[in-house]
Amino acid sequence: MHGKSLIAALAFVAIAGLGLPAGSAEPLSAREIAAAVGFDEADKKKVVAGDVAAADLPETTDKMLAQAVAVLLPAKADEIVERLQSLKLFEADEAVIGFGAIDPANPQAGLAKAAFADNEAKEAAKFLESSPGSEFNLSAEEFAKVKAAAASAATSPEAASKVYRSILAERVKAFAAHGLEGIAPYDRGDGDTSSAAGDLEAMAKAAEALRKFDP
């Protein structure tokens with residue numbers, strides 16, 4: 001059960017006028033963005049008419065589900081970016097339990113509220129009893145930490161939350177220090193592993209429009 005990743009690309013967004021990172025190429029036009037993510041003139045007419053257009057994209061791995069979606073928004077590009085960066089989308093999503101910023105220098109603080117609830121005792125126990133396989137995305141070292149935590153403390157949501165926060169904090173530190181190379185592969189058992197770093201690298205290579213905009 002290796003999860004597939006959904007890549008949603010918003011096209012027809014005017015990015016001219018937005019601040020560009022140092023060394024970036026010239027801003028892409030809306031037409032260039034649309035062409036890069038698979039839209040044609042017929043799709044453009046649909047979007048201008050107020051419909052949603054979708055286009056399939058080439059998938060670079062068997063764990064990727066790639067599709068581009070375009071919709072016309074009655075707002076300036078910088079206003080859309082500001083709204084995305086303000087985290088208001090999370091506030092409006094009733095399925096999101098909590099959210100916040102995580103400082104790589106002190107990830108424990110940002111993860112303090114990440115915990116199994118009291119009514120999730122079964123899920124917490126399942127986590128503490130986990131072993132290499134496809135059910136949990138943990139590295140060999142992380143599975144060892146879970147096993148050690150289960151052996152030294154009573155099986156409880158609190159114990160599960162403590163070791164889970166520790167694992168997540170170490171992941172943040174490793175990525176901040178080493179980038180993709182700091183992401184340990186998931187242990188699937190029987191010597192098999194799954195590379196999250198490889199998946200992210202494949203997605204980055206697939207984002208041709210973004211590479212052209214900001215190599």
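# A guided tour, starting at Ala-114

Select Ala-114 to begin: this residue sits in the loop that links α5 (107-110) with α6 (121-128). Keep in mind as you go that you are looking at a predicted model. Is Ala-114 buried, partly exposed or exposed? Its relative accessibility is 32%, so Ala-114 counts as partly exposed, the class between under 20% for buried and over 50% for exposed.

Now show the neighbours. Leaving aside residues up to four places away in sequence, Ala-114 touches Ser-161 and Arg-165. Add Tyr-164 to the selection as well: Ala-114 and Tyr-164 are 50 residues apart along the chain, yet their C-alpha atoms are separated by 8.5 Å.

**The pocket beside this loop**

Stay where you are and turn on a surface. Ala-114 helps to line the second largest pocket, and is among the residues nearest its centre, together with Gly-98, Leu-111, Lys-113 and Ala-115. Select those five and you have the middle of a lining that counts 16 residues in total. The space in this pocket comes to about 480 Å³.

Which element gives the largest share of that lining? Colour helix α8 (residues 157-178) to see it: α8 supplies four residues. By type, the lining residues are nine nonpolar, four polar and three charged.

**The β4-β5 hairpin**

Next, move along the chain to β4 (186-189) and β5 (192-194). These two strands run antiparallel and are joined by three bridges. Pick Tyr-186 and look across: Ser-194 in β5 stands opposite. The strands form a hairpin with two residues between them.

Zoom in on Asp-190, in the loop between β4 and β5. What is the sign of its phi angle? Phi of Asp-190 is near 55 degrees, a positive value. That is worth a second look, because most residues other than glycine have a negative phi. Asp-190 is also exposed, as its relative accessible area is 88%, against a cut-off of over 50%.

**Helix α9 and what covers it**

From the hairpin, go on to helix α9, residues 196-206. Show Ala-196, Ala-197 and Ala-202 as spheres: these three are buried. What covers the buried residues of α9? The cover includes β4 and β5, which you have just visited, along with β3 (64-70).

**Strand β3 and its partner**

That makes β3 a natural next selection. Colour Met-64, Ala-66, Ala-68 and Ala-70 in one shade for the covered face of β3, then Leu-65, Gln-67 and Val-69 in another for the uncovered face. Strand β2 (residues 53-56) runs antiparallel to β3, with four bridges joining them. To see how the strands line up, select Ala-55, which stands opposite Ala-68 in β3.

**A stop at α2**

For one more residue, choose Glu-41 in helix α2 (residues 41-48). Glu-41 is partly exposed, with a relative accessible area of 44%. Draw a distance from its C-alpha to that of Arg-31: the two residues are ten apart in sequence and 9.4 Å apart in space.

**Zoom out**

Finally, reset the view to take in the whole chain. There are ten helices and five strands here. Of the 215 residues, 25% are buried. The chain exposes about 14200 Å², with carbon and sulfur atoms supplying 55% of that area. Among contacts between residues at least 6 apart in sequence, 58% join residues at least 24 apart.

Note on methods
Residues are numbered from 1 along each chain as its sequence is written. This is a predicted model: local features need pLDDT of at least 70, side-chain atom pairs count only at pLDDT 80 or more; totals for chains, interfaces and linings use all residues. Side-chain values use heavy atoms; hydrogens and water are left out. Buried means under 20% relative accessible area, exposed over 50%, partly exposed in between (1.4 Å probe, protein chains only). Contact means heavy atoms within 4.5 Å. On a 1 Å grid over the protein atoms alone, a cavity is a set of points where a 1.4 Å probe fits but cannot get out, and a pocket is an open set with protein on both sides within 12 Å along at least five of seven lines; lining residues have an atom within 4 Å of a point. Grid points are joined across faces, edges and corners, and a volume is the space filled by probe spheres set on the points. Ala, Val, Leu, Ile, Met, Phe, Trp, Tyr, Cys and Pro count as nonpolar, Asp, Glu, Lys and Arg as charged, and the others, Gly among them, as polar. Two strands pair if DSSP finds at least two bridges between them. Accessible areas come from the Shrake-Rupley method with a 1.4 Å probe; for residues, only the protein chains shown count as cover.
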